[in-house]
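This report describes selected helices, one helix pair and a few individual residues. Please read it beside the sequence and the coordinates.

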Amino acid sequence: MISNNGQNKQLPNELTSTFKELQVLKHLRKAGITKTFGFSCGFLFQLIFCLIFENKNWFRTLEGKKSADFPAKDAVYRFLNKSTFAWRRFLLFLSAHTIGKVTRLSNHDRPKVLVLDDSSYDRNRSKSVELLARCFDHASQKMRFYKGFRMLPLGWSDGATFIPVDFSLLSSKTSQINGITSKIDKRSSGYKRRLEALQSAPEQIPDMIQRALNTGIDASYVLMDTWFTHQPIIKNIKELGLDVIGMVKNLKQPYFVDGERVNLNDLYRLAAPIQGKKGLLRSIQTTQANGVPVKMVFVRNRNKKSEWLAILSTDCTLDDQEIIRIYGMRWDIEVFFKTTKSLLKLQKEFQGRSYDSLISHTTIVFTRYIVLSWQNRCSTDQRTLGGMFYELCDEISDLDWAIALQQLIELLEDTLKESNKKIQKLIKRQLQQWIAGLPGYIKAYLPISVCES
């Protein structure tokens, strides 16, 4: 945890190096997230970032014994509620920088993809949250309605590391419970994001992808599930210069084979059977009604083997197995949803009412995931992402005694300066012998000057 007296010293060792390596605070300033007085935005950002690893919320932190070391509650909530902060720019800068570092660790032949999906953002107990809406959860087996938002994130993956790039929290025009506050400055980035919240997902997807490409993020394919693999969206993405691979729902979307108009069931009957490849049934090249040529691969449904699933690719040069392999990278975003909600306390840690607080906190949670993903990628062993999270929690719990040990050494050094040379030499010799006998993991927390003296 970060106190007022040592903002940088009290970050965990792994987090300190990762923050510097990924230039997190530099990207904050570059995005215009700064303050002219009071606690700096960098300090408040690190404070909120580390809360999860302390297993405390902000209320419990202020109720604790060290509450005097932290800013008042209002300072943090003003930081989260600021509508002029460009949190999207920050996330784009950070993700683009991290993806550039990850790409240098990857084989150049490895496909890089953008992944789109949506997930529920529950606020069922809320009544006064700005832009709160009644949403339908199509992913739930109960097919339920809930109060909250639809979270639409865009992520990048190379098959080994997933990095969130952009997101929107979608409300609804027809099922809206609360509207936009009248106090918001209509020139601010917060107001623009409120207007986006009232758009549909298909309207936002091309802009999200274009922003990612403009930031310099390298990708060849966009992966989507059945809720987004529709012909107008596919055509818009193709116009941006990217290919689409996605699962297709058996609807009335028309296709053309040799000038004949057919549906998806007809395509399956016309497709050539594939022999000797387990799970692959058939494949065929066809053209969508909007003129985009595609390749359709039919695979067996593992949950119901009497049925098939259709996977579409606008890159007709790929072979059938490669299309299936690349589409399998879409699962990374499902792991991302599980991790952010279960471990990183998305939608639970802060219960703000303004739309700005939802955006800012979600961005901080995504930053936690980026940091964990980068550490996991750099790790030489086979630790999982969840393992990295719990190791950081253990390290932060050790920080209090480590800082106390440093302060004790510094106090002893100051006292030595006031004594004569004989006593200084005697005490220094005893101190060096004591330090030499300490375990290595304790020496790592001592100042370098003490270990070398």
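A residue is called buried when its relative accessible area is under 20%, exposed when that area is over 50%, and partly exposed in between, with a 1.4 Å probe and protein chains only. The model is a predicted one, in which local features need pLDDT of at least 70 and side-chain atom pairs count only at pLDDT 80 or more, while totals for chains, interfaces and linings use all residues. Residues are numbered from 1 along each chain as its sequence is written, and side-chain values use heavy atoms, with hydrogens and water left out.

Glycine 42 belongs to helix α3 (residues 41–51), where helices are DSSP runs of H or I with at least four residues, numbered from the N terminus. Because its relative accessibility is 17%, glycine 42 counts as buried. Leaving aside residues up to four places away in sequence, glycine 42 touches Leu25 and Leu28, contact meaning heavy atoms within 4.5 Å. Its C-alpha atom is separated by 9.0 Å from that of lysine 26, and these two residues are 16 residues apart along the chain.

Two glutamines, neither of them a glycine, have a positive phi, and they are set out below.

| Residue | Phi | Loop | Relative accessibility |
|---|---|---|---|
| Glutamine 23 | about 55° | between α1 (13–22) and α2 (24–30) | 28%, partly exposed |
| Glutamine 347 | near 70° | between α12 (331–342) and α13 (355–378) | 13%, buried |

Helix α6 (residues 87–104) has 18 residues, which at 1.5 Å a residue should span 26 Å, and its end C-alpha atoms are 26 Å apart, in agreement with that value; the expected span is 1.5 Å times one less than the number of residues. The helix is mostly covered, with 14 of its 18 residues buried.

Two packed helices are described by the angle between their axes and the distance between the axes. For helix α8 (residues 201–214) and helix α9 (residues 231–239), the axes come within 10 Å and cross at roughly 15°, the axes being lines fitted to C-alpha atoms over the stretch in contact and the angles running from 0 to 180 degrees between N-to-C directions. The angle therefore makes α8 roughly parallel to α9, a description that applies to angles under 35 degrees. Pro202, Ile205, Pro206 and Ile209 of α8 make the contact with Ile233, Asn236 and Ile237 of α9.

Technical notes. Helix = DSSP H or I, 4+ residues; strand = E, 2+ residues; numbered from the N terminus. Parallel < 35°, antiparallel > 145°, perpendicular 65-115°, else oblique.
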